[in-house]
Amino acid sequence: MDQFIIEGGKPIKGTVKISGSKNAALPILIATLLTDEACVIENVPVLLRDIRTTFQLLESLGKGIEVRGSRVTVKPKASLKTHAPYDLVKQMRASVLVAGPLLARFGVVRVPIPGGCSIGLRPIDIHLDGFKALGARELVDQGDIILSSRELAPGRVHLKFPSVGATENLMMAAAALEGETIIENAAREPEIEDLGRFLTALGAKVKGVGRSTVYIRGKSVLHGARYSVIADRLEAGTFMIAAAATQGRVDLIGAKPEHLKDTIAKLRACGVKVKTGIREISVVSDGHTIKPVSIKTGPYPGFSTDLQALWMSLMCLADGESEIEETIFENRFLHAAELLRMGASISVHGSHARVLGVKNLIGAPIMASDIRGGAALLVAALSAQGKSVLQRVYHIDRGYEKIEDKLAGLGASIQRVNDSRKLPSNS
Ligand code: UD1
């Protein structure tokens, strides 16, 4: 298992290129199951563990994958299968997104029910209710959910909560159904918009993405397409907060300011200077005191739950007290206990955390337990006085491409070492 050794207390300075979005690339790669023609997807963060898992998933279902740099070609290789293997689903919950395209194309799909994870129970009832509204029946067998329908039909689906995954799953199913499907109370994240553009490139007609009601006019036969994935707003947000926490100055290339409006506004409220161009963001924090700013997470365009942990690391260094409320996941404060080991002052009550800023954090042995919580601890370690050893960096590797190289390029002192212990099977 790899770990990071970090000598903290150095501001990060320089320019960093933001990779393609993991959360956009995952559904787009899976949407290639909708066509028997080749698709070429550019700007894919191919080094990420979750993207590698997605390649294995597509290969297990009958697709061939070619990778050249960040360009991925997905081609048909064998007849498509309709049963996703448990080994892959348990590694990555987003595997459940194969249900929509396969059910709509073949009338049946068998997907292992993904278990909970460290941040919450994460049921898939909203996905299933959506498929049922389009005419599917469900059966549970041996931990798998089997969805089937003689004729899945386009229709109107109202989501009880704007789930990102359920919106994507239903959009993909709708793209393969002749006629119009309407998804009400849809998620509005930029990754949904990106999927909508990809489905349009495949030949479906998609309107309303980025708003609460999405209209999809599908086709039973979709064609191949070439498409480039948007930049990763969560990686960009991570570097912005890292620059602020280390009193640094960083230019982010490729990042889209309109996808980070709330994070930019909150950083500015902290007293951090943020300048924006069309495809770049500059963050300057040297010599500034961080003012405490409270946040409450919410579905997009609210403050991203994925950046909540990072915000907590920053607030540990603020000049005063702030409150953090997590409204999306029931258990997304695991990083707080590790931050306490670094000298932070945090109290957690259910979905609320109260953070009293300290003069500085102190390096310590710490452990990541999810992607963003791990990144938050990394940011804390970069800002802390002294050495930190961050364990279980495989969580961070699921969502950040070569993060240690990018940070070292910005002047951070960070080294990856292997402590040769065994990787646990369930992450
Ligand atoms: C996606 C993102 C993740 C982000 C999250 C919220 C990917 C690969 N992951 O996850 O980084 O943190 O959106 O922005 O894109 N829920 C149900 N029933 C369902 C579906 C969801 O109760 O059927 C609940 C979840 O348990 C959670 C909340 O709704 O509490 C949000 O989940 P959802 O929006 O579906 O997140 P994901 O698509 O899993």
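Asp141 counts as partly exposed, with a relative accessibility of 32%. In this predicted model, Asp141 has a partner: Arg110 forms a salt bridge with it, and the closest N and O atoms are 2.8 Å apart. Arg110 sits in strand 6 (residues 108-112) while Asp141 belongs to strand 7 (residues 137-141), so the pair ties together parts that are 31 residues apart in sequence.

Stay around strand 7 for a moment, since Glu138 falls within residues 137-141 too. The side chain of Glu138 meets that of Lys132 in a salt bridge, at 3.1 Å from N to O. How exposed are the two ends of this contact, Glu138 and Lys132? Glu138 comes out at 33% relative accessibility, so it counts as partly exposed. Lys132 has a relative accessible area of 38%, which means that it is partly exposed as well.

Now go back along the chain to Glu66 and Lys75, whose side chains also meet in a salt bridge, again with 3.1 Å between N and O. Glu66 has 43% relative accessibility, which makes it partly exposed. Lys75, at 36%, is put in the partly exposed class too.

These pairs are just a sample, because a salt bridge here needs a Lys or Arg side-chain nitrogen within 4 Å of a carboxyl oxygen of Asp or Glu, and the structure holds 28 of them. Some share partners: Asp2, Asp397, Glu404 and Arg416 are joined that way into one network. If you have the model open, that group of four residues is worth picking out alongside the pairs above.

What about the cysteines? A disulfide is a covalent bond between the sulfur atoms of two cysteines. How many disulfides does a search of the whole structure find? The count is zero. Take Cys270 as a starting point and ask why it has no such bond. The closest cysteine sulfur to that of Cys270 is in Cys316, and it is 12 Å away, too far for a bond. The cut-off for a disulfide is a pair of sulfurs within 2.5 Å, so a separation of 12 Å doesn't qualify. Looking from the other end, Cys316 has its closest cysteine sulfur in Cys270, at that 12 Å distance, so the reasoning holds from this side too.

Are these two cysteines buried or exposed? Cys270 has 0% relative accessibility and therefore counts as buried. Cys316 is at 1%, so it is buried as well. Buried means under 20% relative accessible area, and Glu66, at 43%, is partly exposed by contrast.

Technical notes:
Residues numbered from 1 in each chain as written. Predicted model: local features only at pLDDT ≥ 70, side-chain atom pairs only at ≥ 80, totals over all residues. Heavy atoms only, no water. Buried < 20%, exposed > 50% of the residue type's maximum accessible area, 1.4 Å probe, protein only. Helix = DSSP H or I, 4+ residues; strand = E, 2+ residues; numbered from the N terminus.
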